[in-house]
Structures are given as structure tokens and as C-alpha cells.
Protein chains: 4
Amino acid sequence: MSTPTNPSFDVAHLGHVEIYSDKFDESLDFFTSVYGLKLSAMDEHSAYLRAWDDYEFCTLKLTKSSTTGVGHIGYRVASPEALERRIATIEASGYKTHGWVDGDLSHGRAYRFEDPFGHIFELYWDTNRAPNDDPAALKNMASRFTGVPPRRIDHVNLLAEDVSVFRDFMETCLGSRVTEMIQLDNGRIGGCWFTVNNKTYDLACTEEHGRGHGRFHHVTYATDQREDILRAADLFLEAGVHIETGPHKHAIQGTFFLYVWEPAGNRVELANAGARLILAPDWEPIVWSETERKRGQAWGLNTIETFHTHGTPPVKEAT
Amino acid sequence: MSTPTNPSFDVAHLGHVEIYSDKFDESLDFFTSVYGLKLSAMDEHSAYLRAWDDYEFCTLKLTKSSTTGVGHIGYRVASPEALERRIATIEASGYKTHGWVDGDLSHGRAYRFEDPFGHIFELYWDTNRAPNDDPAALKNMASRFTGVPPRRIDHVNLLAEDVSVFRDFMETCLGSRVTEMIQLDNGRIGGCWFTVNNKTYDLACTEEHGRGHGRFHHVTYATDQREDILRAADLFLEAGVHIETGPHKHAIQGTFFLYVWEPAGNRVELANAGARLILAPDWEPIVWSETERKRGQAWGLNTIETFHTHGTPPVKEAT
Amino acid sequence: MSTPTNPSFDVAHLGHVEIYSDKFDESLDFFTSVYGLKLSAMDEHSAYLRAWDDYEFCTLKLTKSSTTGVGHIGYRVASPEALERRIATIEASGYKTHGWVDGDLSHGRAYRFEDPFGHIFELYWDTNRAPNDDPAALKNMASRFTGVPPRRIDHVNLLAEDVSVFRDFMETCLGSRVTEMIQLDNGRIGGCWFTVNNKTYDLACTEEHGRGHGRFHHVTYATDQREDILRAADLFLEAGVHIETGPHKHAIQGTFFLYVWEPAGNRVELANAGARLILAPDWEPIVWSETERKRGQAWGLNTIETFHTHGTPPVKEAT
Amino acid sequence: MSTPTNPSFDVAHLGHVEIYSDKFDESLDFFTSVYGLKLSAMDEHSAYLRAWDDYEFCTLKLTKSSTTGVGHIGYRVASPEALERRIATIEASGYKTHGWVDGDLSHGRAYRFEDPFGHIFELYWDTNRAPNDDPAALKNMASRFTGVPPRRIDHVNLLAEDVSVFRDFMETCLGSRVTEMIQLDNGRIGGCWFTVNNKTYDLACTEEHGRGHGRFHHVTYATDQREDILRAADLFLEAGVHIETGPHKHAIQGTFFLYVWEPAGNRVELANAGARLILAPDWEPIVWSETERKRGQAWGLNTIETFHTHGTPPVKEAT
């Protein structure tokens, strides 16, 4: 007899990711002129960016910093009541909490808490909509289509020293369910893919191999078609962007992908999942063995070495 | 202040559609050899079909009949408890109920009820998985990829004499939310698109203009890419299938589409939504005016006349 | 026994088309900002435009005028000697000649002549290359890829009162061969597609139905993929461009197409031929009957009425 | 002043490639059931295969053998007179000739000659058309479209110990022109791409690094779209075919590619060139330096080691 494994439904979707840049102007130029995000607004410290069909004001908050990496990860909840329920659960869980913080240009107050590896999460209900200053020809789109690949934010990938521990955190605090995972021969979980809704994943966590802490692996936007990614590859090439790997198809989740590094070194992905969704309420996590992983990506591409080692911020070498 | 409009979450997803054919052998050949569904099994009355990434045993039940049209529409619930909650709500609603029916080759017992226009719905929890007789190379796919366009069932479209009345039914019985709709100048709703999850729609209802009752407009499978639909158009052409309209892009929902008629006359669609999902928990229905609709489809294609008049079964002319 | 029908090889390829605009600034903005051509240079009367992989300085010469339509059509020859041979043939043919004209910013001197319907053609050898001011990342591309659909000029379509007469002109003066044609029931040729090389066509001529003379039907640029055209359709929609018909697939030549009108009213196409080429040296023209044409385009789209009537310049109504 | 470098035009196009298989039945099953060629006919020794839009009876002749590799390469000439001219040139050149050979099921008599590395070429005029037993819905296609990627033969790649010497052979005997080439730091040519028409290349030659002689690197069919190749990759994966490298984009020629090995070990490619053609009559060969080549493929993929070493037949190790 199958068991319902649906998420709690209290958390609606991944809302935004804040990333740090120590080359803010270059990073901003990359995200707006090359990668294809829209600039909703700027304040003293940050640029508020979104894709053309993101309904919220900001899905990528780019913040000036002395380093790189992830600032925080925001999930929007399903209702004010759902937010209350989540906070009660989180506070009862024993995970580190920061409590309420004021909002910013993009959303209202948010409740912050922290995973055991130092990544800061927030939940919020009150949000601001994408500016209506460039309305689309079709009223069911959030903003005017400008021909660029990113349609909406898709997922974020974080590094953790112990993915099992991270998994407990996600299941407890966000009510996420695991859709796919890597089971290493040494008994550890090599990677884990989570979702709070019907998307195949909105957050992935892979094992930290670089002695970093609280590090960021990448943020990803979804494209409508695989062709959008092939075309983007040519544009990245023309713009002199570092293409790390792809385009190719992931074995895990079957996503068509392309990874590049923005000027400050943070990894950014474009991805297309086709029509794949997780609709089954009793979905059983797909477990990949280490042997299976060694076959490489779906069509045989070997995973490039930097994909296992490069995270942001860079790890300071011990002296 | 926005209002949460999330669905009830009690209903997980559209599970299957039963359609009738008075040319069963030709219809079956179309669905398996041209359209590209897999045959899970057959019994005396029906063929149980699925797409290559449908996780359930059957998403299209093709049943021998003296006529055409829709047999019933099945939705899978999120849990056994959710099913109990739904039944209580339906029974309290006053809509016509048929009660429990035995399952078939594809799923366990189901609870049946009826909309005011004669379409039969069922909710069920116990289901059978897609046969494992042709496993895919990648273990996260339900069945072996055979190169055909339909990846999974997407939605069904029904005709109703009063779409407002149908809307009440869907909101009450399934906890569906409306994502887009057409508001006619005469005050009536011309069409309404519903979802129980993050898909942009899993069921659409358009106004019956042919004096039929309980009729069927079409069933749709999702493809991974728009290119799959262009390629399918060439295959339909080679196979002598009646291509009604498309490929083109809907203004409503932005879906790339192609409509054909299977040999018995039931309309079948292939569609691609790109990366579009309804993630906002406070999504406001998009309302299209009659004037806006008269602009045609997204890129200006005029909606073909038969699209407004052809439903199944055909309406018997009064003598 | 098949007969070689190869073109003369004296003429290498369609080089450029000059079109007139009575809304020059708007037309120029359309071609550079929406359609996606690069501006090589401007002089007092004209803008010299090219696609990102056109090797010549100009493939579309946009000229200020009091009206619309086509100025002249330029073909580049295979060698200086080939040019001499062609001129001898043309002068012996009795068709109207204009003799040598000076070049412009885009090419050296050219020899001009005229078809019986008033369209002016020119042949030339000396040409200027695309400016090297925005080199591509890959040295085998003519210019930097900017993400826009037009890769290179593809073909031009002209209107003629008698397509048979026009065909004689093309075969005699350019050594073109006919790849496909429409044979009307009344014995007339409804349309004829010509090529001087391995492209399926570089010039098409269709029957004038609007009592015009020397009119222009459209000019077309080739895209790398069909997806480029679907994406362009969304951009035309956003830009408020009049989309006349498409995207769809032509039955004749099998080309995937999209037709729009630039601001002054000249029709412009984007097209993708896939991998189709005319390689057979004894290719027999494909002849389409009137009955076959009535089936519409490849996937059943009815040809829109304006496609038969709209040419540029508009025909002045008799008083 | 540019110099015309057009091909001689005596040779119309690459016609067919004969490859040997020591696993004939498995190879035939691969080409017909997985790769997607049509079987025109079989005789005692060979299967005559073609793609759905190849106009000739056979473009791939698969021949039973005790080994693998290439049997011969056939080019069709532009006319019977062109064939006479070519033979005169070849016979005057001093290259080894085999003289006339009888035709086979696919074409009439052919004139055979040999390059200095043991590859056998033939030129022919009389040819047989693709069987008309499965006519396409559209009369301008050679055969019925069956949904498979290969549309027409594209090119063949051979290995030679000295590419410079091979280049002389191609220019002399076929009148081919060089479109791109690799200039190694040691003064040798690492690879050379040739064409006799407007295709970007119909034959490539790369340096033999495995001490073989007269070896075969791969044969390639063209697809209409890049998406056809992505889809094919999934089908190769399902069929257990060895995917060597790709899908990715070549820096040289800009072709989107996918390489697999058929069961006997011969390398087979699917490729898409987009709208790229060589139209310039004075095209200057693009010369890639060794440094430029070390940047890998267009989007940074490192060329896989076997691509440099694997040819057919395998080289017998010295004892």
C-alpha cells in the first residue's frame, strides 16, 4: 500500500535567492545584459532582479559584498495561516532561528531560520508583484517577453557537509519531499533533490567536498524550450562568459542544462525540464547508486571536475 | 491584501479520461500507432492506454461503444483521508452522486458523481502503476522512451450549457481553482480553465453551442518541446489524420497546440506549456473579454469554425 | 534517361534586395530593432543592412522613397568571366537592359537589366565584405551572433502578370532552374520557384492579382531553426508588428514560415528549410495542380486572403 | 581582389558511402531500426539504405565483410559530359585508377580511382531513384516521412597519414574546394573540410594517428533541426547504443553534432548545420591554429580521446 508523501502544502514555492557579489557592477551587467533578467529596482545594497514571467518583484537579489555566495533563500508560503503553522513547527524543531526581519523592496516581513550548515532561509506571505511598467501583449504573462531564455526562477543548489542532516532540516522546516537522491557506497547521501510543490525540485543539496561551510553551488532559471538553452550557449560564447559544462541532459531529474559562472564566480544555470512534473501524491524517491552515477550524465558526458569542487565563496586556504 | 486561492490540495491531479469510440479498432490503432500511447492492457470492453512518462497504468481508457464522447473523468486524490473529506463535501453539496464503483484494470474502487450537464467524475486513491515491462534506461522515467510526443496526460476539455454552473461544481467538488476565463459581453462565461495543482490547467470547460448535452471537446497530452508538436504534425499528415487547427499558440494560457480528430471523431490535442506553472498561492483568474478573444490566437490565427461546433458525440438532428 | 538541369553556375547566389519605404525611420527601426538585421552603413538615401552571417556588406538595402516596393534585385556572379558570359547572353536575349551602373557602399559596378514586368535586376562581381567591427567568437561566422533569427538572406518573391513569361526571363538571363511550380487549371502558371544554386529557391514569382505592375511580394531571411521563428512570433507580437500568417509549413518547398508587414507595408518573411537542398543535377520541377493547392498549407492552414492580394507598392484605384 | 574559388561544378554531390560490417545483421538492424534509414533493397552482399529525403536509391551501402571500414565513396557528377571531363583530368593526374566498374542495384556504371591512402572513390551519372513504394503526403519529398532524424546523407570523414597530400587529391580529382582547415604548429594540416557545392562540407579528412591505412572515421546524415538530435540521443540511450560524444556544437563549421558507434564499431554521426551554406564564390578557407583548436568545441567541450584514435577497421597490433 503506497503512502502519501505530498508536501505539507504550507509552503507554496521557492520565492527568491539572494547572492553576493564582490564585482557588483560586472555581475549586474551579466544578469541584465547577458543572462536576461529584468531589473525591478535597486537600493543602496542590492539589485532586485526577476525573469519575464516571474510574478514577484524579485526572484534574484544581487547584493554588494566583500565576497560571493548565497545571502538567503526565500520561500513564499500558501497563506498567512500556513506561515503561522510553519513558524510553530520550526520553533519547536530546535533549529536555529533568527525571527522576524523587515522586508525589503520586494516583499514584506519574513521569518528567518538557519540550516545546520549556515544557510539562511526565510518564509514570507506578503509580497510585491512584478512592476507593471512593461506589460506583455498577452495579459497572462507577468512582464513583456524580451526574447531572453529565463522564464522564471527554478531552483537553488546548496552545499552541505552532511546531506542527511540537511534533508532532515528541509523535511521538518519546509515540509519538502525528496524526489531523487544519490546513495553513496559509504552510506552517505551524495545529493538530494527537494520540492514543496509539483515541480520536480526547487532545491538541491550536494555534498561539500571543498571544506567550505554554508556554501552556494548554483541558482537556476527555467527556460521554455531546450532550444533556448542552445541559443544561450552561443550568446554566452560571444559574451566571453565562462561556460562550465553543457548543454547536456542530467541523468538525475532528466533536466536539460547549461552551467556558466557569472563574473564574480557564482555558478548560474539555465535548465529545461520539458513536461516533467511530480504529480504522484505517493512519489517514492528515486535512489541512484554510486555505480549508476559513474555512468555520467544522461548521454554519457562526464561530470566536469570543477562541478564537484567549485562553490562560492571560495574556501580560504589554511596557511 | 491578496487572498490565498490555492486549491484544496485534497485532489492531487487529473488521473484518466475514458472516451468512447464506435470505431474501436481504428481508434486503438490511431492512439497506439500514430498518436503514440502505450497499451498497458485490454479487457473485454476497453483498452488501457498511457503515455511513456505517465506513472499510472492508464490515463486514457478507450471503450467500445455505439457512439463517441466521454465516459468519465478520474482524478486521483492526495491521500485516503483526503478522499473521505472530498466525499463528505460532495455529498453535502447536493450534486448528483453515484457512490462507490469497483475499480478496473487500472485502479481500485472509486467514488462517482456527476456535474449538472451529465459528465461523470470519479475520485480514487488506490491505483496501479505503469507496467514495468519496458523499463527506461533512466530509472526516473515511468516507461521506456519510444520517441513519440505524448509524455503525460495534460487536461480534458468538456462542453457545458452554462459554464458558471459548471464552475461552481468544480470549485465545490474538486476544490479546483480558476486560472483563466472568458467573460462574454452578454454576462455569461464563455470558457473557464481549472487546476487542482501547479499545472496551468487540468480541465477546461467551454460553452456548448451545438445543443448537445454532456459532451466532450477534447483530451490533451503534454509534450516536452514545441518541436515535438511540429514533428507530430508531419506524422499526422503522412497518416492521413484530420488536422483541425494548429500548430499555433493559444492566447489563453499561452499553450502551443495542435488539434486532430481520431478516427471516430473525438478531438485530441498535443500541447506544450513551456515552463509555465501556476505557483502563486493568490493567483487571480485572468479574465479575457469578448473583444480580446476576437483577436484570435496568440499570433493572430482565427479560431477555426469547427472548434466552436464540433463536440462528441454528434448531436442528433431533430426531425 | 534523365537530363541534367543544373543551373549555369555563372550566377553564384542572390546578393541583395533593395526595398523602398515611405516611412523610412520606422522601417529602419523595425529591421534593426525588431527583425534583427545589422546596420553596415548609411548614406543619404539608404540604409545598408545585413544578417549576422551574411558575408556581404549589404543584403537588404532600405531606400527612402515616396512609395514602397522593390528597387532592384542583385545577384552575385561566380567570377568576372561568368559576368561577361551572362552579359553577352542578356544582351543577345532582347530583354531590356540598363547597362553598367556604379556601385554603392556595398559593392562595385553592376550590370542592370529588367524583366518584362518592370523589376530591375543587376549582376555584379566586385563586392564589399561585412564590416569586421563586431567579430564573432568563432572565426567562421561573418559577424557576431546577437541572438536574432535572421542568419542570411534567403529569397525574394515578386509578382508578375504572366509567370510563364517571367520564367523565360529567369532561365535566360540568370540561368536559373525551376524547382517547383503551380499549374493552374486555366493553363497558366500560378507560381514558380527558381534557384541558381543548391538552395531550394532564391526567387519566387507569383501571379499578380491586384492589377499592379512590377510589384514586390516579400523578402525572406533564413533562420537556423524552426524554434527561432516561434520565438520571433512572440517578439513580433510584443512589438505590435502585423503578423499576417504563420508560423506554419508551406506545402510547396516544405519551408517553415512566418510573414509580417514592416511599418511601411512591405511583407517580410522568416523561413527555415531544415536540411532540404536541391542536390540532384537532373531535378525535375515539382508541379502542383490547382486541386492540390486548394488543400492549403502543409498542415491544412488556409492561405490568408491578403497573401493573394497584398503587394507593394499599393495599387492606385482608378477614379 | 578576391579570386573565385568555386568548385568545378562537374561533380554535383556526394552520392553514397559503402561501409563494411563484420556484424552485418546487427549493423543492419541498427541502421534501420535505431538510426532510421530506409531499406531500398538487398542483394547477396549488401543492404542498400537511404534517408527519407535522399532522392537516390542508396546513400549508404552496408556490405558484409570480415572487417569494418569504408568500401568506397561515390559522388554523382553534374552531367555525362562532366563525367568525361573529370575522367580525363583524373587519368592525366597520375593518381591510381581502377577504371569503369559495373553498377549495382543503386546506380549504373561508375569510374573508380583511389587516393594515396587507399580509399576508393567513384564518379557516376546514371542513378536509380528512391523506390516509390512509400510515397510522401507532400510530392516534393523523396519518400514518406517516418519521424526519424536523418533527412539526407551529409558527409563522410576519412583518415589520411598526410592531409596535405589528400587535399591535392580532392582538388585535382573532384574539383573540391577547401572551406575550413586546421594548421598544426608542426606545419602539417591536421584536418581539412571539402565541398563540391554549396554545402559547407561533404567530405572531411583528418590526420591518422593510429598507424592505420585507408581508414574510415565516420559517415553523417543531416537532420532538419537540432531538436531531432537531442531526441535521437534519448533513443540511442534507450537502445543501448554507444554514444561517443555530443550533442554539442563543433567550433569548425559550427555544426551541431552527435556521434555514436554502430554495432560493428563504425562511427556514425547526426548533424545539423542550421541555415549555414557556402555561397561566396570566392570563399577563403578558414584556417584554425593549434591553439584555437585546444579551446575545444564551440561551447567548451573537450574532444573525447577516442575521437582522435578510433577509426575503422581497427589497427592490428604488431606482435
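Start with chains A and B. A turn of 180° and a shift of 0.0 Å along the axis lay chain A on chain B with an RMSD of 0.0 Å. That is how a two-fold axis relates two copies. Keep in mind that this is a predicted model.

**Stop 1: where A meets B**

Select the contact between these two chains. Chain A gives 36 residues to it, and chain B gives 37. Colour the chain A side by class. You should find 15 nonpolar, eleven polar and ten charged residues. Which surface does each copy use? Of the interface residues of chain A, 100% are also interface residues in chain B, so the copies meet through the same surface.

**Stop 2: where C meets A**

Now show chains C and A. Here too there is a turn of 180° with a shift of 0.0 Å along the axis, and chain C falls on chain A with an RMSD of 0.0 Å. Which residue of chain C comes closest to the rotation axis? Select C:Glu227, whose C-alpha lies 3.4 Å from it.

Next, pick out the contact. Twelve residues of chain C touch twelve residues of chain A. On the chain C side, five are nonpolar, two are polar and five are charged. Of the interface residues of chain C, 100% are also interface residues in chain A, so these copies meet through the same surface.

**Stop 3: a sheet in chain B**

Hide everything but chain B. Look for an open sheet of eight strands with mixed pairing. Trace the order: β2-β3-β4-β1-β5-β8-β7-β6. Which strands stand at the edges? They are β2 (38-42) and β6 (97-101) of chain B. Each has a single partner strand, so one side of each has no neighbour in the sheet. Now look at the twist, which averages 25° from one strand to the next.

Select β1 (11-21) and β4 (60-64) of chain B. They run parallel and are joined by five bridges. Click on B:Ile19 and you will find B:Leu62 of β4(B) opposite. Then add helix α1 (24-35) of chain B, which packs on the sheet. Helix α1 touches β1, β2, β3 (46-50) and β4 of chain B. Its direction makes about 160° with that of β4(B).

**Stop 4: a threonine in a loop**

Go back to chain A and select A:Thr59. This residue is in the loop between β3 (46-50) and β4 (60-64) of chain A. Is A:Thr59 buried or exposed? With 27 C-beta neighbours inside 10 Å, A:Thr59 counts as buried.

Show its contacts beyond four places in sequence. Among them are A:Gly15, A:His16, A:Leu49, A:Arg50 and A:Ile153. Then try a distance. A:Thr59 and A:Val34 are 25 residues apart in sequence, and their C-alpha atoms are 17 Å apart in space.

**Stop 5: helix α3 of chain A**

Select residues 163-173 of chain A, which form helix α3. Colour the buried ones: A:Val163, A:Phe166, A:Phe169, A:Met170 and A:Cys173. Look down the helix axis. These buried residues fall within an arc of 110°, so they line one face of the helix. The spacing has a simple background. An α-helix has 3.6 residues a turn, so residues three or four places apart point the same way.

What covers the buried residues of α3(A)? The cover includes α2 (80-93), β7 (110-114), β9 (152-160), β11 (189-195) and β12 (203-207) of chain A. Past the helix, find A:Gly175, which has a positive phi near 70°.

**Stop 6: strand β12 of chain A**

Stay in chain A and select β12. Four of its five residues are buried, so β12(A) is largely enclosed by the rest of the structure. Now look at its partners. β9(A) and β12(A) pair in the parallel sense, over five bridges. A:Leu159 has A:Thr206 of β12(A) as its bridge partner. β11(A) and β12(A) run antiparallel, joined by four bridges. Here A:Phe194 stands opposite A:Leu203 of β12(A).

**Stop 7: a sheet in chain D**

Finish in chain D. An open sheet of nine strands runs in the order β14-β15-β16-β13-β9-β12-β11-β10-β17, with mixed pairing. At the edges stand β14 (242-249) and β17 (286-289) of chain D, each with a single partner strand. The twist averages 15° from one strand to the next.

Select β10 (177-183) of chain D with β17(D). They pair in the parallel sense over four bridges. D:Ile182 stands opposite D:Trp288 of β17(D). Last, show helix α3 (163-173) of chain D. This helix lies across β9 (152-160), β10, β11 (189-195) and β12 (203-207) of chain D, at about 15° to β11(D).

Conventions. Residues are numbered from 1 along each chain as its sequence is written. Chains are lettered from A and ligands numbered from 1 in the order in which they are written. This is a predicted model: local features need pLDDT of at least 70, side-chain atom pairs count only at pLDDT 80 or more; totals for chains, interfaces and linings use all residues. Two residues are in contact if their C-beta atoms, placed from the backbone, lie within 7 Å. Ala, Val, Leu, Ile, Met, Phe, Trp, Tyr, Cys and Pro count as nonpolar, Asp, Glu, Lys and Arg as charged, and the others, Gly among them, as polar. A residue is buried if 20 or more other C-beta atoms lie within 10 Å of its own, exposed if 12 or fewer, and partly exposed in between; C-beta atoms are placed from the backbone. Helices (H or I, at least four residues) and strands (E, at least two) are DSSP runs, numbered from the N terminus. The arc is that of the directions from the helix axis to the C-beta atoms. Copies are superposed by least squares on the C-alpha atoms of residues with pLDDT of at least 70 in both. Two strands pair if DSSP finds at least two bridges between them. Axes are lines fitted to C-alpha atoms, for helices over the stretch in contact, and angles run from 0 to 180 degrees between N-to-C directions.
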